[in-house]
There are 2 protein chains.
Amino acid sequence: VTRVFAPAAAPPSVVLTREESHHLARVLRASVGDAVIVFNGKGREWGGRIATASASATVVDLVGTREPLREPGVRVVLGVALLKGDQMDAVVRDATALGVSAIQPLTTAHVALPDEARRARSIERWERVAIAAAKQCGRAVVPAIHPMAPIAAAMSASACEATVMCVEPSTGGEGSVAAVPRVGSALVLVGPEGGWSSDEVAHATAAGARMIALGPRTLRAELAPAVALSALWTVWGWP
Amino acid sequence: VTRVFAPAAAPPSVVLTREESHHLARVLRASVGDAVIVFNGKGREWGGRIATASASATVVDLVGTREPLREPGVRVVLGVALLKGDQMDAVVRDATALGVSAIQPLTTAHVALPDEARRARSIERWERVAIAAAKQCGRAVVPAIHPMAPIAAAMSASACEATVMCVEPSTGGEGSVAAVPRVGSALVLVGPEGGWSSDEVAHATAAGARMIALGPRTLRAELAPAVALSALWTVWGWP
């Protein structure tokens, strides 16, 4: 059954956005009476039936609440250094399927802040990627995409109980992921291609972050978040 | 330092293949005297120095053995259902960086065997992907790519001590990855888009495979192997 994102969904019915309407009516060629699943991105989900099919404003009747997929018991914010091109799309997509609550794009010593127009375009794009990933993986929650921030600022603004920083094994001082205690919320930091600067590691260590390394091999920056999240859920309990 | 793959490397020097020679001399514009790292894909590694730079037959002097990256203590064969297009490339690349010993492409109820010419082209392509990934992640071992086989045949031919099958959470009967015992060698089975058939699950169960599920969300088939391997290394100990 097609999953439809409708942030303002409320019974008895919802008018879909132009984007969702177009996708349903034109791309998927849905018609009146078709069953869909509607989710609001904040954890609520309904069975739905198309009342009016239109490429600009499809109306869906909500015909009963559904039990949403259970969300992880740890609220994870993925703090991830900006990657080039569509690599960030892959990170947002995979992190959504791996249950993060929010994604915090980071600027670092090795990655500068793009100009404002570009920042806005990127955030909008990643929000669309997160919505598409939530549809695909079955989540009723769409992770928030936080504004880009330097790592130090993101760490001090984080309301998480713990911070875990993934480092290259050569950094020294890193521990085993298996020893990371389960907490209610965690900021998980994954670095850019080329790794963190030594200042960033020192700052994070001083701020109480726990350093972990995931094997001796160099992981592509695009893959590292999925590896780190999979390792942490295994320690904390899936999901 | 550039890593160079030379399966026949042996002191005092090695003539590189045409492919590696071209890459070094033309793409990377290496010249006589440049330092490289030479690995043979079977776990041995040397420091090297270019003696003759040529696009067809570059010669490298081996100037001393190097300690290779340590290999995982569990020999893992990733049995992965064939995926479309370049999705298999991504699986081979990520699995190499995540320390597998071999990759066993599987045909399943949902994925048929391609014709012979296509099979041969695919295997050669994945071998090149595995070599490139070993260069990038720093491994001195290139995982073997086994010939495609139906899952039942691959399971009975497997010389592994244990089999772990990743299933959708809705399958029922699956356990926690955290309870998978450490063994010397394991065949890790990851299914196709759309999942295993019930016959395949029943056959694997009867053959003693351990079923695991990795959270309630649907993972893209391309991502699932990296998630499964990350979870298992976390249980068995990284690397």
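This is a guided tour of a predicted model, with selections to make in chains A and B.

**Stop 1: the sheet of chain A**

Select the strands of chain A. They form an open sheet of five strands, in the order β1-β3-β4-β5-β2, and the pairing is mixed. Colour β1 (3-5) and β2 (13-15) of chain A separately. These are the edge strands, each pairing on one side only. Now look along the sheet. On average, neighbouring strands are turned by 40° against each other, direction ignored.

Zoom in on β1(A) and strand β3 (residues 35-39) of chain A. Three bridges join them, in the parallel sense. Show Val4(A) as sticks; what stands opposite Val4(A) in β3(A)? The partner is Val38(A).

**Stop 2: the helix across that sheet**

Add helix α3 (residues 116-137) of chain A. α3(A) lies across β1 and β3 of chain A. Its direction is about 150° to β1(A).

**Stop 3: α2 against α3 in chain A**

Keep α3(A) and add helix α2 (residues 87-97) of chain A. The two axes come within 8 Å and cross at roughly 40°. Why are α2(A) and α3(A) called oblique to each other? An angle of roughly 40° lies outside the ranges for roughly parallel, under 35 degrees, roughly perpendicular, 65 to 115, and roughly antiparallel, over 145. The pair is therefore oblique. The crossing of α2(A) past α3(A) is right-handed.

Show the side chains at this contact:

- From α2(A), select Met88(A), Asp89(A), Val92(A), Arg93(A), Thr96(A) and Ala97(A).
- From α3(A), select Arg125(A), Trp126(A), Val129(A), Ala130(A), Ala133(A), Ala134(A) and Cys137(A).

Colour by class. The contact of α2(A) with α3(A) has nine nonpolar, one polar and three charged residues.

**Stop 4: the sheet of chain B**

Move to chain B and select its strands. Here, too, is an open sheet of five strands, ordered β1-β3-β4-β5-β2 with mixed pairing. Which strands stand at the edges? They are β1 (3-5) and β2 of chain B. Each has a single partner strand, so one side of each is left without a neighbour in the sheet. The average turn between neighbouring strands of this sheet is 40°, direction ignored.

Focus on strand β5 (residues 59-65) of chain B. On one pairing, strand β2 (residues 13-15) of chain B meets β5(B) in the antiparallel sense over three bridges. Label Val15(B) and Val59(B), which stand opposite each other.

Next, select strand β4 (residues 45-52) of chain B. β4(B) and β5(B) run antiparallel and are joined by five bridges. Ile50(B) stands opposite Val60(B) here. How many residues lie between the two strands of this hairpin? There are six between β4(B) and β5(B).

**Stop 5: the helices of chain B**

Add helix α3 (residues 116-137) of chain B. It lies across β1 and β3 (35-39) of chain B, at about 150° to β1(B).

Then add helix α2 (residues 87-97) of chain B. α2(B) and α3(B) pack with their axes 8 Å apart, at an angle of about 40°. These helices are therefore oblique to each other. α2(B) passes α3(B) in a right-handed crossing.

For the contact, α2(B) supplies Met88(B), Asp89(B), Val92(B), Arg93(B), Thr96(B) and Ala97(B). α3(B) supplies Arg125(B), Trp126(B), Val129(B), Ala130(B), Ala133(B), Ala134(B) and Cys137(B). By class, the contact of α2(B) with α3(B) divides into nine nonpolar, one polar and three charged residues.

**Stop 6: between the chains**

Show both chains. 29 residues of chain B are in contact with 29 residues of chain A. About 2,500 Å² is buried between the chains, and carbon and sulfur atoms give 65% of this area. Which residues of chain B lose the most area to chain A? Select Arg217(B), Arg220(B) and Trp238(B), which together account for 27% of what that side buries.

Finish on the α6 pair, helix α6 (residues 224-236) of chain A and helix α6 (residues 224-236) of chain B. Their axes are 8 Å apart and the packing angle is about 50°. That makes α6(A) oblique to α6(B). The crossing of α6(A) past α6(B) is right-handed.

Show the contact as sticks:

- α6(A) gives Val227(A), Ser230(A), Ala231(A), Thr234(A) and Val235(A).
- α6(B) gives Val227(B), Ser230(B), Ala231(B), Thr234(B) and Val235(B).

The contact of α6(A) with α6(B) has six nonpolar, four polar and no charged residues.

Key:
Residues are numbered from 1 along each chain as its sequence is written. Chains are lettered from A and ligands numbered from 1 in the order in which they are written. This is a predicted model: local features need pLDDT of at least 70, side-chain atom pairs count only at pLDDT 80 or more; totals for chains, interfaces and linings use all residues. Side-chain values use heavy atoms; hydrogens and water are left out. Axes are lines fitted to C-alpha atoms, for helices over the stretch in contact, and angles run from 0 to 180 degrees between N-to-C directions. Helices (H or I, at least four residues) and strands (E, at least two) are DSSP runs, numbered from the N terminus. A crossing is left-handed if the near helix is turned anticlockwise from the far one by less than a right angle, and right-handed if clockwise. Contact means heavy atoms within 4.5 Å. Ala, Val, Leu, Ile, Met, Phe, Trp, Tyr, Cys and Pro count as nonpolar, Asp, Glu, Lys and Arg as charged, and the others, Gly among them, as polar. Two strands pair if DSSP finds at least two bridges between them. Buried area is the accessible area (1.4 Å probe) that two parts lose on being put together, summed over both.
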